[in-house]
Structures are given as structure tokens and as C-alpha cells.
Amino acid sequence: MAKTMSGTAASPGIAIAKGFRLETLQLSIEEKTIADVSAEIARFEAAVRAAEDDLEQLKTRTEREIGKEQAGIFAAHLLVLKDPEVVGAVKKRIESDHINAEAALQTVAETFIALFENLENEYMRERAADVRDVTSRVLAYLMGRKVQTPAEIDEEVILVAHDLTPSDTAQLNRQFVKGFITEIGGRTSHSAIMSRSMGIPAVVGVDQALTDVKNDSWIILDGISGEIVVDPSPEQLEEGRRKLAKFAAEQKEMEQLAGRPTVTADGERVELAVNIGHPRDVEAALQNGAEGIGLYRTEFLYMDRDRLPDEEEQFESYKSVLEQMAGKPVVIRTLDIGGDKELSYMELPKELNPFLGMRAIRLCFERQDVFRVQLRALLRASVHGNLKIMFPMIAVLEEFRLAKQMLEEEKAKLREEGVPVSEEIEVGIMVELPSTAMHADAFAKETDFFSIGTNDLIQYTFAADRMNENVSYLYQPYHPAVLKLIANVIRAAHREGKWTGMCGEAAGDSKAIPLLLGLGLDEFSMSAGSLLPARKQLLQLSQASAAEAATEVLNLGTSEEVLDYVSKKF
């Protein structure tokens with residue numbers, strides 16, 4: 001009998017396939033006394049080697065099929081397996097207590113997991129999941145059990161799980177995984193963001209999905225409405241196929257928009273750009289008709305490795321993106337490390353609240369040796385395309401002035417060395433703090449552009465971590481308070497003849513797009529998969545009508561009132 005469930009539509013699309021339940025491997029460990037310590041250690045080492053082989057294969061496959069950034073998940077897991085403190089502690093426990101490898105590993109793993117989970121730093125807390133994943137894999141080998149992973153799926157399915165870890169998501173093969181359902185999560189959860197970037201339809205936050213879905217149950221997943229039908233009737237299946245065909249036809253129709261400029265129904269021109277984390281992401285951006293790169297997150301050059309990237313490596317990376325974009329604008333953000341992004345090889349200060357501490361531009365000022373190398377690489381690459389440099393986490397005008405001063409100093413040094421540097425580099429800031437948004441009139445006199453990072457702007461405005469489920473109700477991109485900050489930034493830029501872009505999640509949100517257009521946003525930057533739907537929407541909107549709507553919503557009191565107004569107006 002058919003059952004209908006609903007959740008949060010996380011990634012648009014329609015999928016029809018059999019369900020595949022991804023369940024956590026439950027391993028019951030019994031402590032045993034062993035006589036031959038050497039043999040037990042050898043058995044443990046063999047399990048570690050087998051797990052390493054698995055992870056190396058997964059890392060290679062993920063890097064080839066999805067990308068280097070996602071493959072970094074497995075690089076992190078390999079680091080755990082090769083950590084002498086972890087492996088050595090297990091061997092020591094086997095030797096000292098004469099217990100079996102399974103019990104020794106579980107005891108040591110629980111100690112490390114508890115240690116990580118009790119740390120204030122979110123990035124370090126996430127390492128607990130890495131230890132847990134790796135431990136399960138080694139234990140499975142020790143106990144002759146098979147680890148269930150998405151990478152092994154070889155038929156078309158809709159994946160059903162309580163949650164998808166970064167490791168799980170990185171293994172999704174788009175050829176076979178037609179969609180996925182999770183019991184927890186929201187639109188800004190890791191799995192949701194990854195599903196959109198990979199173009200996999202997804203519905204998250206579906207209560208008791210694992211209870212109600214059986215393996216091989218047919219499922220219709222609607223990533224637009226958030227509705228799921230399990231064991232559909234023949235009539236429902238036929239209706240689902242019609243929806244799927246319609247969505248496919250709409251996607252094909254939208255592909256025709258890839259080469260068109262983004263011009264509203266009343267003739268106003270806006271720019272649609274894409275956010276990227278690696279040079280290989282440019283191909284998807286261009287295929288979807290990107291008019292520029294609105295955000296290149298350079299921190300991914302620094303992550304999942306054991307040393308800083310040198311100037312030459314960075315230069316080649318920036319040069320590659322600029323050349324591929326062939327004169328189209330490329331906004332490259334300088335190093336944004338700290339908060340939830342740490343570097344194992346870089347000693348960062350331990351802080352009670354790292355999101356409000358030494359991160360992004362603040363860290364760059366502290367580690368000028370690192371920052372100036374990046375500035376040199378950017379300046380050298382500038383002659384290969386239309387480069388725009390953006391500084392993150394700027395809170396006060398003095399910070400922008402100091403960052404720009406360092407940029408000018410490195411430019412002068414390069415010219416003394418006879419190295420060519422472009423004369424046309426625009427220099428701007430990422431607006432992600434209320435202080436910057438409120439003081440935008442002063443910043444606009446000195447910067448060449450603004451790019452609004454809504455994800456952080458929202459969480460800092462409401463003092464609510466957007467990844468914390470306890471306060472997730474305060475992640476409100478449509479709240480009048482946020483919209484007023486955005487309006488202030490855009491107005492300040494336009495008064496000085498400057499432009500404003502947006503590279504946060506809101507830029508690709510169909511509910512926010514009319515309001516952002518009405519507020520006068522010049523550039524919308526989003527994931528590659530969101531670009532063509534956004535272009536289609538903008539081509540049908542009137543900027544004049546959107547401006548009227550934007551004026552109205554600024555006077556409303558709540559997010560709900562804003563959303564209700566938008567749904568009726570557009």
C-alpha cells in the first residue's frame with residue numbers, strides 16, 4: 001500500500017527508483033584474553049592495511065569522478081589510520097592487557113572520539129566522525145563483516161539513510177544514485193549543499209524514513225515539493241513518470257539558456273556567476289552559461305594536505321581559472337581559514353569561540369608570511385584574465401586599508417623584479433558582518449565592489465550558528481533585518497558607482513531572487529546547478545515590479561510575512 005511522506009526539498013529534481021537503505025554497521029564487541037600477542041598485533045595490522053587499501057581506492061575514484069575537494073574526506077581518514085598515536089595506542093593496549101584487537105581498538109577509539117567531541121572548535125569536533133568511520137572499517141575487517149558504502153552501489157537506486165556523512169556523500173555515484181532521502185538535516189546541511197552541487201534530487205528531514213522504506217520498495221522522490229511516495233500505485237507511478245518527463249524537458253529547455261545574457265523582462269541586465277572551489281569546477285560553470293566566477297574559495301588549495309601550497313602551485317591554480325574563463329570576471333577570495341576550517345600543519349590559536357576569533361583576514365594579518373605568498377601568486381596570475389581580488393571577514397575600514405596596503409607592497413616588489421602585473425585588478429570585500437553592512441557607505445568610497453556572503457551575515461546578525469539544530473529557526477534569509485542590511489550595502493555601492501554581488505545560498509534561492517533583483521543586486525553567484533533555473537526566473541521578472549516588492553517587504557515584521565508576500569506577488 002502506498003505511503004506518502006514529506007520533508008525539506010533540498011535539491012530539485014524528480015527521481016523514480018528502488019530504495020536502498022544505508023544503515024550503520026552494528027558491531028557487538030566482546031573483550032577476550034589472547035595468548036599470542038604478536039599474532040594479534042599482526043592481525044590488527046592486516047586489518048589496518050586492508051582498510052588503507054579501501055580508502056586509497058575510494059580517494060582515487062572520488063577524485064576522478066567527483067573532485068579533489070570531496071576526495072579529501074578519504075585523505076582525512078587515511079591520516080587517522082596512519083596516526084602513530086592512534087595505531088600505537090591500540091598495539092600498546094593489546095600488549096599490556098593481553099586483549100583482542102577488536103576490544104583494544106574500540107577502547108582507544110572511544111577515548112579519541114570523546115576527546116574530539118568535547119572540544120569547542122567545530123572543525124575538531126567533526127574529526128570524531130572521521131575516527132568513528134575509520135574504526136568501523138577496521139573493526140569490520142577484524143570481524144569478517146562487510147562495510148556498507150554508497151561507492152559499491154551498481155544499480156539505479158534512491159538512497160535512504162538517517163543522515164549522510166561527508167564520507168557517504170563523497171562516494172555517491174550520480175550514474176546509480178538517482179536521489180536520496182535522509183531523516184535529519186535542512187537546506188544548509190552538508191548533504192543538502194553537496195546534493196545541489198552534484199545535481200542529485202534530495203529530500204531531507206523525513207521522519208522515520210528508514211522505518212517506512214524497505215529495500216527494493218519503489219519510491220517517487222520530488223525534490224521540488226519535498227514529497228515522497230513509497231510503494232506507489234500504478235496510477236501514482238504513471239503520474240511520477242509524467243513529472244519526471246516534464247522536469248527533464250524543462251531541464252533541456254533551460255540548457256538553451258546557457259548562452260543567453262541575463263536580461264529581465266523590462267530590459268535590466270544582471271550578471272549570473274558561479275561559486276567554485278577548484279579549477280576543474282570551471283567546466284561545469286561554463287556548461288551552465290556562467291558569466292563569471294563570483295567566488296573562488298582558495299582555502300581548498302590549503303586543505304587536506306600536510307604543507308602550505310607554495311607560490312608556484314597557487315599561481316598555476318589561479319592562472320588556470322582565469323585562462324579558462326577567457327576574460328570573464330573571476331572573483332578570487334583570499335585565504336578564509338579558521339572557524340570550522342583548520343589546517344593540521346598550521347598552528348592556529350585555541351579559542352573558546354573560533355567563529356568570532358582569529359580567522360580569515362585576521363589570521364592573514366597574523367601570518368603575513370602565508371598571506372603575502374598568496375598575494376604574489378594572485379598578482380602574477382592577474383595578467384592571464386579578468387581578476388578581481390576579495391578579502392573575507394572585513395569588520396572595520398582599517399582592516400581593508402591594511403590588506404590593500406599589503407597588496408600594493410607586493411605589487412611594487414613584483415614590478416621591481418620585472419614581473420608583469422595587470423593594471424585592471426578590482427579589489428573588494430566580502431560583506432558577511434553586520435558592522436560592515438551598516439558602515440557600507442564608508443567602505444564603498446574605498447573598495448571597488450562588494451560581495452555579500454549571506455550564510456555568515458545571517459548567522460552573525462541573529463547570533464545563531466546555522467549548523468546548530470537547536471537554533472536553526474533563526475537562520476532566516478528572508479527576515480526584514482537581513483534584507484535591510486543587504487539593501488544598505490547595495491545602495492551604498494551604487495551611490496559611489498560601484499557594483500554589488502552575492503555569493504551566499506540566497507543568491508540561487510528562487511524565493512529570494514525577486515527581492516534581490518528589486519534591491520538592485522548586480523551579480524548573483526551560486527552553484528553551477530542553480531544557474532539556469534535562476535536565469536529562467538530572471539528573464540521572466542520585471543525589475544520595476546521587483547523593486548516595488550522589495551520596498552514593501554522592508555516594512556514587514558517577520559520572515560513568514562515576507563515569504564507570504566513573495567508567493568502572492570510572483
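Helices here are DSSP runs of H or I with at least four residues, strands are E runs of at least two, and both are numbered from the N terminus. The model is a predicted one: local features need pLDDT of at least 70, side-chain atom pairs count only at pLDDT 80 or more, and totals for chains, interfaces and linings use all residues. Residues are numbered from 1 along each chain as its sequence is written, and side-chain values use heavy atoms, with hydrogens and water left out.

**Exercise 1.** Work out which helix gives the largest share of the lining of the largest cavity.

*Solution.* Start with the rule: on a 1 Å grid over the protein atoms alone, a cavity is a set of points where a 1.4 Å probe fits but cannot get out, and lining residues have an atom within 4 Å of a point. Grid points are joined across faces, edges and corners, and a volume is the space filled by probe spheres set on the points.

Next, size: the largest cavity comes to about 100 Å³. Its lining has 13 residues, and Val80, Leu81, Val86, Leu105 and Val134 sit closest to the centre.

Now sort by helix. At least two lining residues each come from α1 (37–65), α2 (68–81), α3 (84–97), α4 (101–117) and α5 (122–142). The winner is α5, with four residues.

**Exercise 2.** Classify the ring pair of Tyr296 and Tyr318, and say which elements it ties together.

*Solution.* First the cut-offs: rings of Phe, Tyr and Trp (its six-membered ring) pair if their centres lie within 6.5 Å; planes under 30 degrees apart are stacked, over 60 edge-to-face, and the rest tilted. Four aromatic pairs turn up in the structure.

Then the geometry: the Tyr296 and Tyr318 centres are 6.0 Å apart with planes at 80°, so this pair is edge-to-face.

Finally, place them: Tyr296 is in strand β10 (residues 293–297) and Tyr318 in helix α11 (residues 311–325), so the pair links parts 22 residues apart in sequence. Both Tyr296 and Tyr318 are buried (buried is under 20% relative accessible area, exposed over 50%, partly exposed in between, with a 1.4 Å probe and protein chains only).

**Exercise 3.** Do likewise for Phe371 and Phe391.

*Solution.* Geometry first: 6.2 Å centre to centre and 65° between the planes, which is edge-to-face.

Position next: Phe371 belongs to helix α13 (residues 368–381) and Phe391 to strand β12 (residues 386–391), so the pair joins parts 20 residues apart in sequence.

Burial last: Phe371 has 1% relative accessibility and Phe391 has 0%. Ring pairs also bring in Phe400, making a cluster with Phe371 and Phe391.

Methods:
On a 1 Å grid over the protein atoms alone, a cavity is a set of points where a 1.4 Å probe fits but cannot get out, and a pocket is an open set with protein on both sides within 12 Å along at least five of seven lines; lining residues have an atom within 4 Å of a point.
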